[in-house]
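Notebook open, coffee ready. I'm looking up how the chains and domains in this entry fit together.

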Amino acid sequence: MTSLDQVKAAAGPAAGSTPPARRGPAPTAPRGAGPPVPRRVRNRRGGRWWTPWLFLAPALILFLYFKFIPMASALTMSFQEVQPYLGNRWVGGENYATVLSSDGFREAAWHTVVLAVGQTAGSMLLGLTLALLMEGQGRRLGFVRSAAFLPVVVPIAVVAELWRIMYHPTEDGMLNSLLGLVGFGPSGFINDPDTSMVSIMLTGIWRGAPYDMMIFLAGLAGVDRGLYEAAKVDGASRFQRIRHVTLPGLRAVLTILFILAAIRGLRVFTEVFLLTNGGPDGSTEVVMTVIYKLGLEQNRLGVGAAGAVLLFLATLLLTVGVHLFRRRGNE
Amino acid sequence: MSAPTETALGLTESRSAAGRALKVLTYLLVLVVFAGPLLALLVSAFNHVKDPTQLSVVPSDPTVDNFTVAFDQGVLKYLLNSFFVVGFGLLLQVAVSVLAGYALARKRFRGMTLAFVAILATLMLPEEILAIPLSVILADLPVVHINLIGSLAGMIVPVGAWAFSILVMTEFMKEVPKELEEAARIDGAGDLRIFAQIILPMCKPALGVIGVFGFTMIWDQYLLPLLVATDSSSYTLPLALRTLRVDPLVTPGVVMAASLLALLPSVIVFLFFQRSFVHGLSSGALKG
């Protein structure tokens, strides 16, 4: 790794120059202690058990306040009827029963899965294609790659506002006039229950594919060049080379991208909230928009918390599942 | 380039005219699809766009009226709020990350695994899942009883600790050679001095990575400001876009002008620190 080399290069002169400068006054300080001083000093200086905890304290306190206490509180709230000022009432599994038996939540869970699968698959496929097409060096290529990456750094709220306008449902809306050029009728996009889900997915892929592309490019750089040579010698076609050399080399990258994208997909909120807010006719309602409406608009905090805990369990199961699957595959 | 490196597709080999044309065509398509919409945003911010159908990539009749209207609607104030949040949030985040990274990378102590696991576990607890309890807790922090709802501090303090930054810092600080630290210790330097004068100066590249990622992460925050902001005085710019849009007096051109202001800072940061960004992206994801 280059950073390590840099560090070592920088370390050389520094390590050589500081000690002699300080060595002069040092022996006079501990009176009568004799030669084994350095060791003792080191023990005293570096040995206090709470020093590392002091360095960790800011992070741990912030995590406690904004991650762990909220999670514990989500758990307790999910078993309670939360009534500000009146005191919370313990209701057992009632909130979970309400959530699980509600058609709205079940439908939203289904939409979430569809959206997550579609966006993950779409982004990864397109990202891999882009990475394969744009691997290599050269200024022009670098420029195209940077430009393609821009959607990733644009704030999601801006992406949503921009695509809302592009998705304008009349014939002369931006994307509809493009569709018109190739002979397709105007689409309602996010305003039509039949196409709203696909439209949100498309926006998600637009923002997700370049991200995946960058990760794939990093992965491609790590594939052994010698294997390509060997494949060439063996007379493998371009397709065979990708199928048997490149893709196996990208396995770790594929798994990680899959986990990241799937988890991001399950907790999708902002783009749906801003593009459709669950509409039209509930066709794009996802778990997070339901939880937001329950908890923060209707003030049914207990039921909302139960939904959030279920969402947490789903992401946890997915992560653990993929890791187990991966470990078994490696053995 | 005399010897192009082999690529998976082997496209660099194609020297024929047809191959070249295909390559240029592909690049053009990629540019149109991914940069085209952003170009439309840029052009429309400086055009009279009175309804959504007038969104265009072709400039006609350029104007700054959209920005004048946007400023009348308080966009400047929202932009300042955003800068305030990202400035202090990033400062806090970087400080917290380097301190925690030092302990995790340079110290061996009882409970270290536990601390490490706790930090990793927070990656499973994003704002989305914690939204409901967060809205309650932010209104009355346990023990200290401070209300952060309606204040910009409520958008700053919760992003102060970010597991990604801590992990990047830890990985990097592990690579600083032990001998350096030992030499300083023999000279009587304490942990604070070793941290500030030896470890930290060697971690500038890593500071770049967590700085860029922290900036885009905080700038892109939406749900947390949505939970915290109670009225327009505490809106950040991304949050304000939605209220702008539903205002009947505001044209899409004005929304695009405000959007341009909202995307410029993170795009500029990306373009300037592209190498840190790509480096962090690949190392963070591949180490996973």
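I began with the UniProt record, an unreviewed entry, which puts "domain: ABC transmembrane type-1" at residues 109-322 of chain A. UniProt positions follow the numbering used here, feature names are shortened, and annotations may be inferred rather than shown by experiment.

Note to self: this is a predicted model, where local features need pLDDT of at least 70 and side-chain atom pairs count only at pLDDT 80 or more, while totals for chains, interfaces and linings use all residues. Residues are numbered from 1 along each chain as its sequence is written, and chains are lettered from A and ligands numbered from 1 in the order in which they are written.

Next I checked residues 109-322 of chain A: the span is 75% helix and 0% strand, and its end C-alpha atoms are 20 Å apart. Helices (H or I, at least four residues) and strands (E, at least two) are DSSP runs, numbered from the N terminus.

Then I asked how many residues each chain brings to the contact. Chain A gives 95 residues and chain B gives 93 residues, with contact meaning C-beta atoms, placed from the backbone, within 7 Å. On chain A's side, helix H3 (residues 51-78) holds the largest share, 18 residues.

Last, I looked inside chain B, which splits into domain 1 (11-67) and domain 2 (72-287); these bounds come from an automatic or database domain assignment. I found their centres, taken over C-alpha atoms, 32 Å apart. Where they touch, domain 1 of chain B puts in 13 residues and domain 2 of chain B eight residues.

Definitions and conventions
Two residues are in contact if their C-beta atoms, placed from the backbone, lie within 7 Å.
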